[in-house]
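Grab a coffee and open the viewer. Here are some exercises to work through at your own pace, each with a solution underneath.

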Amino acid sequence: METDLRLESSLWVGNKRHRAVLTGWYFNWTDVDKKKTISVPVAEVVGVEEGQVQVLPQKTVVEKDKDFTVFYVKRSSTGGSSGLLWRLGQTQFSCPSRVLRDQWIKQLRTAVKTHSPLRPSKLLVFINPYGGKKRGRQIYSSLVAPLFELAGISSNVIVTERANQARDHLLKKDLTDLDGVVCVGGDGMFSELLHGLIDRTQQEAGLCVNDPAVALQPCPLHIGIIPAGSTDCVCYTTVGVIDPVTSALHIVLGDSQPLDVCSVHHASVLVRYSVSLVGYGFYGDVLAESEKHRWMGPLRYDYSGTMVYLSNRSYQGVVEYLPADPLLSSPRDKTRCLSGCTLCSRSTERLFPNSSDSGSLYSANFSSFSNDSEGEWVRVEGSFRCVSLTCMSSSCPKSPLGLSPSAHLADGTGDLVLVWDTHPLGFLKFLHRHTSTQDQFDLPFVEVHRVKAIRFSLPSGKEEEAHEAVVGQKGGPDEEVYTDTGSWSGSQQRLSDRGPGQETRSHQKTVSPFLCGLCCSKSPSVSVWNCDGEILPFTEILCRVHCQLVHLYARGIEDGAAAQNSNEDDTRCERRCILHK
Ligand SMILES: Nc1ncnc2c1ncn2[C@@H]1O[C@H](COP(=O)(O)OP(=O)(O)OP(=O)(O)O)[C@@H](O)[C@H]1O
Ligand SMILES: CCCCCCCCCCCCC/C=C/[C@@H](O)[C@H](CO)NC(=O)CCCCC
Ligand SMILES: [Ca+2]
């Protein structure tokens, strides 16, 4: 196949003669005078058009029957993005004959198809016109639609008129022939797509989502995110920048990034799914406060963060967690989950042992939660500033390394961060470290554990207050929850058989609430859960991480050196090789 696709000839770029070579993986052209080569991986060619073509800001075509234009990904290092910011590169070539021109176009298009098996041809796009700075519609029409058109993608676009419209559409409507679904919005819109696709897939597979022990079926459709929200945490963590053009190009190339998903349950019922944050205490309070100030747009989080910090609260709780295998990885190992991550690839191999290509990805068998060699649950109890579970690093522009910098996107685990009660300056130090490269876990009142599941409950006597705390919140207990019945199994029952290795810790409150009262008259003793930006209607929950339940059109963060390659050398893209081997 490689030799069939090879083509080599002289081509002209402007008035300069070049030697152009198409091998299986690369398209190179070398200025014969200057000996300077530009090299584009075939998998990063966006489109090949007849004539001299421009697409942005508007499409123009100058018909010249010996010319063709190649569009490809060009890495930019603007603004310290280390090459993670992508732009559309283009080069116009002239051939000595029309026959040769047609041969180049045909060979390049065939090579692209062969080397990018997951490129979408049909997408369903949901635009939230009210997300972030309310620029979703404009972002899509001016920056994204022209790229989809260039790549020959047919897209059906729905501008939403209400919350949960995208989720409901995915649950009920015909999705035949679609390759993926795209949201133009923030984490909330992504979450709608996540819920719609996961539930649709489980319904079709006849699985009960309420049972945390059930191995859920991975979703067959890819999800693309065009960032147009306030935090855009999922986009930032999986792509490395918040940039609609970069994200559109990842979609066009059919990049594929598996992602772990956490299911959150309360009293035998599934409540929600999460990928970025299930957080109690500080992050729950910030969200609850910020909902009152939605009119401020993205600034609402800064304002609410300050107010909640000043209120100086901590909360009693019991946290139980099921540790992941410490021999595989640790949240303190200072590694980063980068594009082509070996740890995540090993999880893929464990999950899909017989899959040699992505087509068989979704028919694999899974080991169930309860059959897993589970290990022992650990129990801690005390007063916490915050309790956070994240399935990935959860980085965002405010926190470029994220809540847990060494967490992995697709390893089947989450990181549990416990911040015990401490004095206000200590907690400020913890928060501030999220904005720098300083280790936020290297503090005496902070613990981090890599886990497969967690359970949170209130110390006895606090349950009534929990009810009061969630009643009246958006998404309180009277709002919709999943209704089909499920049963607890394995994990929860084993909690009562506590064995060695389990501990009970109790931290005393270490500080007088001297700042309390600035924004509240009485400090509540129960917080709320922030689940990817939604308030959960329950305080006592169980969370379980599902390995690689969904796939995004992304490739994770490319490391600095590879990403800085600006097409002007011949660096092989190892990720593509791993993906295609
Ligand atoms: N037409 C609509 N009217 C009102 N709400 C909508 C509409 N479409 C979607 N939504 C809801 O708006 C919420 C917020 O949207 P989105 O996530 O796009 O932006 P954001 O909140 O500004 O960003 P982030 O989630 O990144 O903080 C989502 O949870 C979604 O359910
Ligand atoms: C002294 C400086 C202090 C600065 C502290 C910065 C800490 C930043 C950590 C950011 C963690 C983001 C976790 C992601 C959460 C998203 O799923 C969710 C939905 O978009 N966003 C929020 O809940 C919004 C949550 C906003 C929290 C501030
Ligand atoms: Ca993970």
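The exercises below go from the whole chain to its domains, and then to single residues and salt bridges in this predicted model.

**Exercise 1. The whole chain**

Work out how many helices and strands the protein chain has, and what percentage of its residues count as buried.

*Solution.*
- Step 1: Start with the secondary structure, which comes to 14 helices and 23 strands.
- Step 2: Turn to burial: 57% of the 581 residues count as buried.
- Step 3: Look at the contacts with a separation of 6 or more; 77% of them are between residues 24 or more positions apart.

**Exercise 2. Where domain 2 meets domain 3**

Find the domains of the chain, then describe the interface of domain 2 and domain 3 by its area and its polar contacts.

*Solution.*
- Step 1: Mark the domains. Domain 1 takes in 7–115 + 569–580, domain 2 is 117–254, and domain 3 is made of 268–355 + 384–480 + 494–548.
- Step 2: Count who takes part: domain 2 brings 25 residues to the contact and domain 3 brings 24 residues.
- Step 3: Get the area. About 2,100 Å² is buried between domain 2 and domain 3, with carbon and sulfur atoms giving 63% of that.
- Step 4: Pick out the big contributors on the domain 2 side. H195, Y236 and T237 supply 24% of the area that domain 2 buries against domain 3, more than any other three residues.
- Step 5: Check for charge pairs and polar contacts. The rule finds zero salt bridges across this interface, but eight residue pairs are in polar contact between domain 2 and domain 3.
- Step 6: Map the domain 2 side onto helices. Both α4 (187–205) and α5 (233–239) supply at least two residues each, and α4 has the largest share, with six residues.
- Step 7: Sort that side by class, and you get 14 nonpolar, eight polar and three charged residues.

**Exercise 3. A histidine in α6**

Is H250 buried or exposed, and which residue's side chain does the side chain of H250 join in a polar contact?

*Solution.*
- Step 1: Find H250 in helix α6, which covers residues 244–253.
- Step 2: Read off its accessibility. H250 has a relative accessible area of 3%, so it falls under the 20% cut-off and is buried.
- Step 3: List the contacts, skipping neighbours within four places in sequence: W86, V239, D255, Y553, A554 and R555.
- Step 4: Take one of these, V239, and compare positions. V239 and H250 are eleven residues apart along the chain, with 8.6 Å between their C-alpha atoms.
- Step 5: Now for the polar contact: the side chains of H250 and D255 are joined at 2.7 Å.

**Exercise 4. A serine at the end of β8**

Which residues does S76 contact beyond its neighbours within four places in sequence?

*Solution.*
- Step 1: Place S76 in strand β8, residues 67–76.
- Step 2: At 14% relative accessible area, S76 is buried.
- Step 3: With those neighbours set aside, the contacts are S81, G83, L84 and L85.

**Exercise 5. Salt bridges**

How many salt bridges does the structure hold, and which residues are linked with E44 in a network of them?

*Solution.*
- Step 1: Recall that side chains of opposite charge can pair when their charged atoms come close.
- Step 2: The count for this structure is 24 salt bridges.
- Step 3: Try R19 and E8, whose side chains meet in a salt bridge at 3.5 Å, N to O. R19 sits in strand β2 (residues 16–22) and E8 in strand β1 (residues 7–13), eleven residues apart. R19 is partly exposed at 34%, and E8 is also partly exposed, at 38%.
- Step 4: Move to E44 and R75, whose closest N and O atoms are 2.8 Å apart in a salt bridge. E44 is in the loop between β4 (36–41) and β5 (45–50) while R75 is in strand β8, so this pair ties together parts 31 residues apart in sequence. Both E44 and R75 are buried.
- Step 5: Do R313 and D285 next; their salt bridge has its closest N and O atoms 3.4 Å apart. R313 is in the loop between α8 (300–311) and β17 (315–323) and D285 is in helix α7 (residues 282–291), so the pair ties together parts 28 residues apart in sequence. R313 and D285 are both buried.
- Step 6: Finish with the network: E44 is linked there with R75, D255, R555 and E558.

Terms used:
Residues numbered from 1 in each chain as written. Chains lettered and ligands numbered in written order. Predicted model: local features only at pLDDT ≥ 70, side-chain atom pairs only at ≥ 80, totals over all residues. Heavy atoms only, no water. Helix = DSSP H or I, 4+ residues; strand = E, 2+ residues; numbered from the N terminus. Buried < 20%, exposed > 50% of the residue type's maximum accessible area, 1.4 Å probe, protein only. Contact = heavy atoms within 4.5 Å. Domains from an automatic or database assignment. Buried area = accessible area lost by both parts, 1.4 Å probe. Salt bridge = Lys/Arg side-chain N within 4 Å of Asp/Glu carboxyl O. Polar contact = N/O pair within 3.5 Å; in protein donor to acceptor, adjacent residues only side chain to side chain. Nonpolar A, V, L, I, M, F, W, Y, C, P; charged D, E, K, R; others polar.
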